[in-house]
Amino acid sequence: MSIKKSQEQVDKWINEHGVRYFNELTNMAQLTEEVGEVARIIARRYGEQSEKESDKNKDLGEELADVLFVTLCLANQTGVDLQEAFDKKLDLKTKRDHDRHHNNEKLK
């Protein structure tokens with residue numbers, strides 16, 4: 001599914017189930033909270049911190065999906081075409097970073 005379709009799907013869901021979007025500041029706080037939950041899983045599962053028993057059943061995919069959902073909400077309510085923005089960013093990174101990463105000794 002394209003990002004554009006995902007934005008449309010989130011908007012439809014908000015209008016059918018969510019009553020309305022939370023305001024931008026509330027969604028920004030939610031995004032921060034969701035990113036923190038992703039960070040907690042990564043730090044404990046793949047990093048050096050030990051994973052608590054209560055964290056072992058947490059689903060990284062679900063938490064990443066929460067980040068994506070709130071990001072799509074923010075894009076919708078601020079009028080950002082995230083597909084267009086992503087395509088432009090990928091093009092920029094491709095032009096800017098193609099040789100940079102191939103020539104990075106740290107990545108070899």
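Select Val-19 to begin: this residue lies in the loop between α1 (3-18) and α2. The helix names follow DSSP runs (H or I, at least four residues, for helices; E, at least two, for strands), numbered from the N terminus. The model is predicted, so local features need pLDDT of at least 70 and side-chain atom pairs count only at pLDDT 80 or more, whereas totals for chains, interfaces and linings use all residues. Residues are numbered from 1 along each chain as its sequence is written, and side-chain values use heavy atoms, with hydrogens and water left out.

**Stop 1: Val-19**

Display the backbone at Val-19. Its phi is near 70 degrees, a positive value in a residue other than glycine. The residue counts as exposed, because its relative accessibility is 74%. The classes are buried (under 20% relative accessible area), exposed (over 50%) and partly exposed (in between), computed with a 1.4 Å probe and protein chains only.

**Stop 2: the whole chain**

Now select the whole chain and colour it by secondary structure. The chain has four helices and zero strands, and reading along the sequence gives the pattern α-α-α-α. Along the principal axes, the C-alpha atoms fill a box of roughly 50 × 45 × 25 Å. The radius of gyration is 17 Å, where a compact globule of 108 residues would have a value near 13 Å. That radius is taken over C-alpha atoms, and the globule rule is 2.2 Å times the number of residues to the power 0.38.

Switch to a surface display. About 8300 Å² of the chain is exposed, and carbon and sulfur atoms supply 55% of this area; the areas come from the Shrake-Rupley method with a 1.4 Å probe, and for residues only the protein chains shown count as cover. Of the 108 residues, 21% are buried. Among contacts (heavy atoms within 4.5 Å) between residues at least 6 apart in sequence, 63% join residues at least 24 apart.

**Stop 3: helices α2 and α3**

Select Leu-68, which is found in helix α3. Leu-68 counts as partly exposed, because its relative accessibility is 48%. Add Leu-31, 37 residues away along the chain: the two C-alpha atoms are separated by 8.7 Å. Next add Val-35, which lies in helix α2 and is partly exposed, with a relative accessible area of 42%. The C-alpha atoms of Val-35 and Leu-68 are separated by 9.8 Å, with their positions 33 residues apart along the chain.

**Stop 4: the charged side chains**

Select the charged residues. The chain has 18 positive and 22 negative side chains, and the centres of the two sets lie 4 Å apart. Lys and Arg count as positive and Asp and Glu as negative, without His or the chain ends; each charge is placed at NZ of Lys, CZ of Arg, CG of Asp or CD of Glu. Side chains of opposite charge can pair when their charged atoms come close. A salt bridge is a side-chain nitrogen of Lys or Arg within 4 Å of a carboxyl oxygen of Asp or Glu, and by this rule the count comes to twelve.

Focus on Asp-55 and Arg-44, which form a salt bridge with their closest N and O atoms 3.7 Å apart. This pair links distant parts of the chain, eleven residues apart: Asp-55 is in the loop between α2 (24-45) and α3 (60-78), and Arg-44 is in helix α2. Asp-55 counts as buried at 5% relative accessibility, as does Arg-44 at 17%. Extend the selection to Arg-40 and Lys-58, which are linked with Arg-44 and Asp-55 in a network of salt bridges.

Move to Glu-51 and Arg-45, whose side chains meet in a salt bridge at 3.0 Å, N to O. Glu-51 is partly exposed, with a relative accessible area of 21%, and Arg-45 is also partly exposed, at 28%.

**Stop 5: Lys-108**

Finish by selecting Lys-108 and Glu-105. Their salt bridge has its closest N and O atoms 3.8 Å apart, and both residues are exposed.
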